[in-house]
Amino acid sequence: MKRTARQMLDSPEFKRMVTKKRTVSVILTMALFVIYYGYIVLIAVNKPLMAQKVGEVTTVGIPLGVAVILLSWVLTAIYVVWANRVHDPEVRDLKSKVQ
Amino acid sequence: MQTTLGAPTTEALAFFLVISVIALAITYWSARRARSTQESTPEIDAAGGGVSALQNGLALSGDYMSAASFLGIAGMVALKGYDGMIYATGWLVGWPALMFLIAEPLRNLGKYTFADVVAFRLRQTPVRIASAIGGVLTVLFYTIAQMVGSGNLIQLMFGISYESALIIVGVIMLAYVLCGGASATTWVQIIKAVLLLGGVTILAVMVLSQFSFNPGSLYSAVASKYGQAALEPGSQVSNAWDAVSLGIALMFGLLGLPHILTRFYTVPDAKTARTSVLYATGFIGYFYIIIPIVGFGAAALVGRGLIGRVDEGGNMAALLLAESMAGTPFLGFIAAVAFATILAVVAGLTMAGASALSRDIYAHVVKKGRATEREEMRVARWSTVVFASVAVLLGVVFKGQNVAYLVGLAFAIACSANFPALLLSIVWRRFTTAGAVASILTGSVLTVLLIILSPTIQIDVLKHTTAYFPLRNPAIVSMTVSFIVAILASLVTRERSAETAFDDEKLWTYLGIGAE
């Protein structure tokens, strides 16, 4: 059954898709904030921890910095996989129902 | 070690000139090719539609990774040790945020510029004037950073004064833009990305080969020369607020630079667009993970004394390292790669600045959309000249500053002037024209004001003993104020048409289709 744009906006399916998209975005953004600002704040307030040695001279801070970059990439990958596998088909489905 | 920097050698110069000419020729050739295929949107070049995710990912990274941030961060790590790494991480984290928050809605909306997106359901004229002002300021500060980097470079390669080097850069850049070789075509950006990634990789491998490919030995060499402190967070982040403020600027600044988003439209579908961002995030992450190796390598193998003597901001560390590892021809090669990529960025930025003035202000506002193409071209040319002159002058003011730090300031303006209006316009129904204009103007003016009052200008440039504003990067204050102003101004005004249009916009942003 085809619907008008207005009906689509008010439909529970559309609202569900919007909520889902927003939830995923917000959760991933929060994870990114915790990782990155956690790192920055840790540097600012707990220098002794960051200065602890993990190798002969290598400090905790160095692998942590690299980890922030790697984890940011992993978060991006999670989003891309979710959007390509789950989100896209839902959008296509809804789109086909609009007049 | 001995350096020939500042006393030019024929070998280094020959390499520098040959590589620069080749790079510029490629740029010019691909720009012409793009133009000859009659594209309606200049930014979207001939490759549009046929660009693969990998190619687009490289082009995105080429747009974003500037030689300035490479030279700046390597220098900062060389001189300040671990603190430079904080910059390196910040440069990447904007990308996931971009992906999660605004990339998708903007692609679906099908709008190419910041002003187009914000003005979608608001009143055109006021939004365009405000966003042109914010846009010009952002682009100007970004250009200054590139000018300082290339000024240093030319000064050292040709052994002339910094000021004359800046004027030469200004003239070359004008010639380049006015000859029309500046469109940021996909191929130019791909070549740029490959050159930068390649150059940094070669340097890092050369450094590590000196330490039997064990980063631990590299760090030991740095620690034995400059103490364990070089590997610990230090003075750069003495103030927690300054560190967080820098982090905010780096993360959200990217979201306020929508020219990056233009690249989302050069690929056929949303899936390819997302995959290309994943590639770009990978390349850029790799780039910023290995730059600190180059920086630490420069500290261990060249020495901080020489790096600081050659340039106060440390911007020439990577070049000195190149020279010490493989002699003057390699120095010429790396310098040419840096210069050609800086020129491509500066030219693109100048075009963006000039087109904001000529299109948004002159054509849309002064002429109310009735400007002829010739008039618009003339204004664009003059704006380019004015813009380049101002950039040269400000390049002199910011002499001796680290260029990565200067890019951080440009990002502070972008995240305060553009990001709040952009985000609210796509997520908040009650957002109004007054809110957008107030937020853009407050954000851009306040950021510039706070930079003027910061220690960088007050203490470093004006030699005062204290500064009126304590933070070197003002983003935490200016972005917050910009959001508050946007919300308050929207609440006291009411714009029914914008609210109705929000529903249409929602269909666009989520489904990529327009409502009748």
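The expected span of a helix is 1.5 Å times one less than its number of residues. Keep that rule handy, because helix α2 of chain B (residues 53-64) fits it: twelve residues should span 16 Å, and the end C-alpha atoms are indeed 16 Å apart. One thing to know up front is that this is a predicted model. Chain B is built from 20 helices and zero strands, so helices are what most of this briefing is about.

**Chain B as a whole**

- Chain B has 516 residues, and 61% of them count as buried.
- Take the contacts in chain B with a separation of 6 or more: 82% of them link residues 24 or more positions apart.

**Helix α2 of chain B**

- α2(B) is mostly covered, with nine of its twelve residues buried.
- Those buried residues are B:N56, B:G57, B:L58, B:A59, B:L60, B:S61, B:G62, B:D63 and B:Y64.
- The cover over them includes α8 and α11 of chain B.

**Helix α9 of chain B**

- α9(B) runs over residues 215-226, and its length checks out because twelve residues at 1.5 Å a residue should span 16 Å and the end C-alpha atoms are 16 Å apart.
- Which residues of α9(B) are buried? They are B:L218, B:Y219, B:V222 and B:A223.
- Viewed down the axis of α9(B), these buried residues fall within an arc of 135°, so they line one face of the helix.
- As background, an α-helix has 3.6 residues a turn, so residues three or four places apart point the same way.
- The buried residues of α9(B) pack against α8 (186-210) and α11 of chain B.
- Right after α9(B) comes B:G227, with a positive phi near 85°.

**Helix α11 of chain B**

- α11(B) covers residues 270-301, and its 32 residues should span 46 Å at 1.5 Å a residue; the end C-alpha atoms are 46 Å apart, so the two agree.
- Buried residues make up 26 of the 32 in α11(B), so "mostly covered" is a fair description, given that buried means 20 or more other C-beta atoms within 10 Å.
- Just past α11(B), B:G303 takes a positive phi of about 100°.

**α3 against α13 in chain B**

- Helix α3 (residues 67-80) and helix α13 (residues 317-366) of chain B pack at an angle of about 145°, with 9 Å between their axes.
- On the α3(B) side, the contact is made by B:A67, B:A68, B:F70, B:L71, B:A74, B:G75 and B:A78, while α13(B) brings B:A317, B:A318, B:A338, B:T341 and B:I342.
- By type, the residues of this contact divide into ten nonpolar, two polar and no charged.

**Nonpolar cores**

- The largest nonpolar core has 206 residues, and the members that touch the most others are B:A74, B:V118, B:V294, B:A298, B:A318, B:L321 and B:C415.
- α13(B) gives the most to this core, with 31 residues.
- Setting aside neighbours within four places in sequence, B:C415 is in contact with B:I248, B:A249, B:F252, B:G253, B:L255, B:G256, B:A475 and B:M479.
- Apart from the largest core lies another one, of seven residues, among them A:M8, A:V91, B:L507 and B:L511.

**Where chains A and B meet**

- Each chain's share of the contact is 46 residues from chain A and 46 residues from chain B.
- On the side of chain A that touches chain B, the elements giving two or more residues are α1 (5-10), α2 (12-45), α3 (47-51) and α4 (61-96) of chain A.
- α4(A) gives the most to that side, with 19 residues.
- The residues on that side of chain A divide into 31 nonpolar, ten polar and five charged.

**Two threonines to look up**

- B:T9 sits in the segment before α1 (10-36) of chain B.
- Is B:T9 buried or partly exposed? B:T9 is partly exposed, because 18 other C-beta atoms lie within 10 Å.
- B:T9 and B:M157 are 148 residues apart in sequence, yet their C-alpha atoms are 8.4 Å apart in space.
- B:T384 belongs to helix α14 (residues 373-397) of chain B, and B:T384 counts as buried because there are 23 C-beta neighbours inside 10 Å.
- Not counting residues up to four places away in sequence, B:T384 touches B:L174, B:V177, B:L178, B:T350 and B:A354.
- B:T384 and B:E323 are 61 residues apart along the chain, and 36 Å separates their C-alpha atoms.

Technical notes
Residues numbered from 1 in each chain as written. Chains lettered and ligands numbered in written order. Predicted model: local features only at pLDDT ≥ 70, side-chain atom pairs only at ≥ 80, totals over all residues. Helix = DSSP H or I, 4+ residues; strand = E, 2+ residues; numbered from the N terminus. Contact = placed C-beta atoms within 7 Å. Nonpolar A, V, L, I, M, F, W, Y, C, P; charged D, E, K, R; others polar. Arc of directions from axis to C-beta. Axes fitted to C-alpha atoms, helices over the stretch in contact; angles between N-to-C directions. Core = buried A, V, L, I, M, F, W, Y, C linked by C-beta atoms within 7 Å.
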